[in-house]
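Let us take a walk through the enclosed spaces of this protein and meet the residues around them.

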Amino acid sequence: MLDLAARTGSFACDREDICIVRLDLEVPEPRLRRRGFYVGADAAHIPLASHSFDLVISNHSLEHFTELEPAVREVGRILKPGGALYVAVPDAGTVTDWIYRWIAKGGGHVNPFRSPEEVVALIERLTGLEHRGTKVLYSGLSFLNAHNVKGWGPKKSLLFAGGNEIFLAVFMWTLRRIDRSFGTRLSQYGWAFYFGSAEPENLEAWSNVCVRCGSGHSEDYLRHLGIVRRKFGFFESYRCPNCGAWNLLA
């Protein structure tokens with residue numbers, strides 16, 4: 001499995017039967033690494049053998065590549081016949097992406113994707129992989145959360161209560177209610193795509209996204225865990241099963 005533009009690792013995996021290679025321009029210091037082998041290289045010139053990977057995960061990396069098409073071609077080259085590809089990218093037309101780029105002075109996003117059809121056409125053309133499904137991603141604005149910012153955050157974050165977790169939880173709940181009532185996309189963030197042999201079991205969008213760690217969960221799963229609590233009339237909340245942060249149930 002190749003974790004493309006992984007930094008310290010874009011996902012955790014404890015399975016010993018999976019060999020994970022994490023590739024980025026720079027290899028992080030050992031204390032920051034997750035399990036797997038690390039390779040320092042440019043995604044547009046991957047120094048790995050053709051047809052050597054069963055799965056490639058590109059988790060919010062394509063928007064950062066200055067050589068986008070060569071990088072996508074490289075993904076098609078290193079995948080085995082019958083391999084699978086997972087891609088997640090932000091929607092440049094959403095409020096969340098606008099806030100991110102405004103706060104982070106661009107945030108390194110050099111490729112603005114504005115429709116899922118655009119992404120699908122690009123990847124199918126350059127890799128030859130068949131599109132299997134698309135899932136809408138919702139935002140938790142975790143990049144604003146004061147728990148995730150070292151020292152004082154940018155002054156612009158004061159417009160969001162300095163990244164106060166409770167404020168973010170209420171703000172995101174409000175945006176999701178507006179979306180539900182008026183059919184807007186204020187709380188959406190981007191898309192996840194499945195290509196090749198990747199067969200998604202469920203493409204339901206998970207609107208409950210943690211404001212601290214950014215992990216998404218379905219409402220049914222949260223209720224199954226028994227962690228949903230009712231407070232303040234019809235408001236319901238839960239503690240994120242990953243990090244314990246308080247969130248309002250969407």
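The largest cavity is lined by Ala 169, Met 172, Trp 173, Arg 176, Ser 207, Asn 208, Val 209, Val 211, Tyr 238, Asn 247 and Leu 248. Here a cavity is a set of points, on a 1 Å grid over the protein atoms alone, where a 1.4 Å probe fits but cannot get out, and lining residues have an atom within 4 Å of a point. This is a predicted model, in which local features need pLDDT of at least 70, side-chain atom pairs count only at pLDDT 80 or more, and totals for chains, interfaces and linings use all residues. Residues are numbered from 1 along each chain as its sequence is written, and side-chain values use heavy atoms, with hydrogens and water left out.

Where does the lining come from? Helix α4 (165-182) gives the largest share, 4 residues, and β8 (208-209) and β12 (246-248) also supply at least two each. Helices (H or I, at least four residues) and strands (E, at least two) are DSSP runs, numbered from the N terminus. By class, this lining has 7 nonpolar residues (Ala, Val, Leu, Ile, Met, Phe, Trp, Tyr, Cys and Pro), 1 charged (Asp, Glu, Lys and Arg) and 3 polar (the others, Gly among them). The space inside is about 70 Å³, a volume being the space filled by probe spheres set on grid points joined across faces, edges and corners.

A search of the whole structure finds 2 cavities of 30 Å³ or more. The second largest has a volume of about 40 Å³, and around it sit Ser 58, Leu 62, Val 72, Val 75, Leu 85, Val 87 and Ile 123. Two or more of these lining residues come from each of α1 (68-78) and β5 (79-90). In this lining, 6 residues are nonpolar, 1 is polar and none is charged.

Terms used
1 Å grid on protein atoms, 1.4 Å probe; cavity = no way out; pocket = protein on both sides within 12 Å on 5 of 7 lines; lining within 4 Å.
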